[in-house]
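Biologist: I am new to this structure, and I would like to go through the terms slowly. Could you show me the model and then take my questions in turn?

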Amino acid sequence: MTSSVGEDKRVVLVGHSLGGLAISHAMEHFPHKISVAVFVTAFMPGPTTNISAMYQMAFSNSGSLLDNHYTYDEGHNKPATTFAFGPHYLASRLYQLSSKQDWNLATTLVRPLKLFSNKDITKVLTLSHTKYSSVSRIFVVSEKDLVVSPNLQRWMIEHNPPNRVVEIAGSDHMIMMSKPIDLCLQLQSIAANYD
């Protein structure tokens with residue numbers, strides 16, 4: 001990031017869903033290059049927030065897996081190595097308020113996600129008060145998210161309070177599809193205020 005961003009420039013980082021882990025990693029390693037980090041219904045770990053507890057809460061409230069599937073590249077007696085969303089799950093849990101066209105496109109573009117153990121994530125994603133916490137954070141709540149539930153979103157906000165919380169009413173997990181204009185206006189406002 002440091003070579004692609006000018007010396008006197010800072011960026012606005014936006015992470016959606018599991019992308020919250022990626023921007024948290026960047027916040028820890030390049031805090032001086034980030035003006036604000038925006039967690040859009042995203043996993044928001046912190047220096048004192050246990051990632052394992054966050055995952056456990058997320059997956060204990062996820063309900064039926066419907067037509068999602070896991071692959072076990074190292075054998076069925078080993079942990080799953082990838083996860084893929086099925087079309088029915090996408091329609092009923094991720095895109096339930098989005099257009100049919102967006103859902104159709106998603107079903108053609110969905111790819112398996114590589115799974116990492118809590119141990120692997122914790123080893124790579126160690127966050128500090130001095131670096132991670134020095135970056136301003138905004139959390140965008142998706143009112144009708146069925147993946148990162150409103151309860152989980154509130155739990156993360158309570159246990160790792162951001163500088164600001166914004167809620168977008170009537171949005172599903174794919175907030176950029178169900179409420180694109182609302183999200184765009186919020187992101188423009190955030191970027192203008194953290195310039």
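Modeller: Let us begin with Leu-66, which is found in the loop between helix 2 and strand 3 (69-71). Helices (H or I, at least four residues) and strands (E, at least two) are DSSP runs, numbered from the N terminus. This is a predicted model, in which local features need pLDDT of at least 70, side-chain atom pairs count only at pLDDT 80 or more, and totals for chains, interfaces and linings use all residues. Residues are numbered from 1 along each chain as its sequence is written, and side-chain values use heavy atoms, with hydrogens and water left out.

Biologist: Why is Leu-66 called partly exposed?

Modeller: Buried means under 20% relative accessible area, exposed means over 50%, and partly exposed is in between, with a 1.4 Å probe and protein chains only. The relative accessible area of Leu-66 is 42%, and therefore Leu-66 is partly exposed. Its phi is near 50°, a positive value in a residue other than glycine.

Biologist: What makes Thr-41 buried?

Modeller: Thr-41 has a relative accessible area of 0%, which is under 20%, so Thr-41 counts as buried. Thr-41 lies in the loop between strand 2 (34-40) and helix 2, and the phi of Thr-41 is near 40°, also a positive value in a residue other than glycine.

Biologist: Which label, buried or partly exposed, belongs to Leu-152, and which to Asn-151?

Modeller: Both residues are in helix 6 (residues 150-159). Leu-152, with a relative accessible area of 1%, is under the 20% limit and is therefore buried, whereas Asn-151, with 47%, falls between the two limits and is therefore partly exposed. The C-alpha atoms of Leu-152 and Ala-58 are separated by 6.6 Å, although these residues are 94 apart along the chain. For Asn-151 and Ala-58, 93 residues apart along the chain, the C-alpha separation is 9.3 Å.

Biologist: How do you know that there is space in the largest pocket, and how much of it is there?

Modeller: Rolling a probe the size of a water molecule over the atoms shows where empty space is left. On a 1 Å grid over the protein atoms alone, a pocket is an open set of points where a 1.4 Å probe fits, with protein on both sides within 12 Å along at least five of seven lines, and lining residues have an atom within 4 Å of a point. The volume, the space filled by probe spheres set on the points, is about 1300 Å³ for the largest pocket. The lining holds 42 residues, with Leu-18, Phe-83, Leu-113, Lys-114 and Leu-115 nearest the centre. Helix 5 (118-124) gives the most to this lining, with 4 residues.

Biologist: What kinds of residue make up the lining of the largest pocket?

Modeller: The lining divides into 29 nonpolar, 9 polar and 4 charged residues. Here Ala, Val, Leu, Ile, Met, Phe, Trp, Tyr, Cys and Pro count as nonpolar, Asp, Glu, Lys and Arg as charged, and the others, Gly among them, as polar.

Biologist: Why is Leu-18 called partly exposed?

Modeller: Leu-18 has a relative accessibility of 40%, which lies between 20% and 50%, so Leu-18 counts as partly exposed. Leu-18 is in the loop between strand 1 (11-16) and helix 1. From Leu-18 to Leu-187, which is 169 residues away in sequence, the C-alpha distance is 19 Å.
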